[in-house]
Amino acid sequence: MRLVRVVREMVDLDPEISGRDVLVRLEALADEAVEQTEAALLASEPDHAECAKCGKPIETTAGDRERWVHSDSDRSRGCRAATFTENEGWNDEIPRTWKAQPKKR
Ligand SMILES: [Zn+2]
């Protein structure tokens with residue numbers, strides 16, 4: 001509906017306006033809308049959860065609500081890397097294939 005209003009205003013201002021000019025204006029508005037959506041996503045807080053595999057805290061990465069990383073230290077996706085500590089080293093009970101994944105809510 002917003003686009004209909006924009007086109008209506010353009011035609012009211014210039015009844016001779018070309019379809020090409022209208023298209024250019026609408027494309028600019030579409031680009032603007034995409035940029036605003038991306039900016040809002042980046043500015044919003046990540047989701048927080050507990051890893052269903054290793055139990056460590058995890059969060060979504062900026063701009064992608066489907067991509068989870070472990071919140072501690074290195075923000076890695078893999079549970080094995082996330083549970084590594086300098087004192088205790090690797091936890092061999094954690095398979096390398098485990099990736100950060102939220103518990104089902
Ligand atoms: Zn994990």
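Visitor: Among contacts between residues at least 6 apart in sequence, what share joins residues at least 24 apart?

Guide: That share is 29% in this protein. Bear in mind we're looking at a predicted model.

Visitor: How do you know that the protein isn't a compact globule?

Guide: Set the two radii of gyration side by side: a compact globule of 105 residues would come in near 13 Å, but the protein has 24 Å. The box tells you about its extent too, since the C-alpha atoms fill roughly 75 × 25 × 20 Å along the principal axes.

Visitor: What makes up the two domains, and what separates their centres?

Guide: Domain 1 covers 2-43 and domain 2 covers 46-105. Taken over C-alpha atoms, their centres sit 42 Å apart.

Visitor: Which pattern do the helices and strands follow along the sequence?

Guide: You'd read α-α-β-β-β-α, with 3 helices and 3 strands in the protein.

Visitor: How many of the residues count as buried?

Guide: Just 10% of the 105 residues. To count, a residue needs 20 or more other C-beta atoms within 10 Å of its own.

Visitor: Why is the set with C51 and W68 called a nonpolar core?

Guide: A core is a set of buried residues of the listed types, Cys, Ile, Trp and Ala among them, joined through C-beta atoms within 7 Å. C51, C54, I58, W68, C79, A82 and A100 meet that, so they form the largest nonpolar core, 7 residues in all.

Visitor: And what does C79 touch, leaving out residues up to four places away in sequence?

Guide: C79 touches C51, K53, C54, I94, W98, K99 and A100. Each of those contacts has C-beta atoms within 7 Å.

Note on methods
Residues numbered from 1 in each chain as written. Predicted model: local features only at pLDDT ≥ 70, side-chain atom pairs only at ≥ 80, totals over all residues. Domains from an automatic or database assignment. Helix = DSSP H or I, 4+ residues; strand = E, 2+ residues; numbered from the N terminus. Rg over C-alpha atoms; globule rule 2.2 N^0.38 Å. Buried ≥ 20, exposed ≤ 12 C-beta atoms within 10 Å, placed from the backbone. Contact = placed C-beta atoms within 7 Å.
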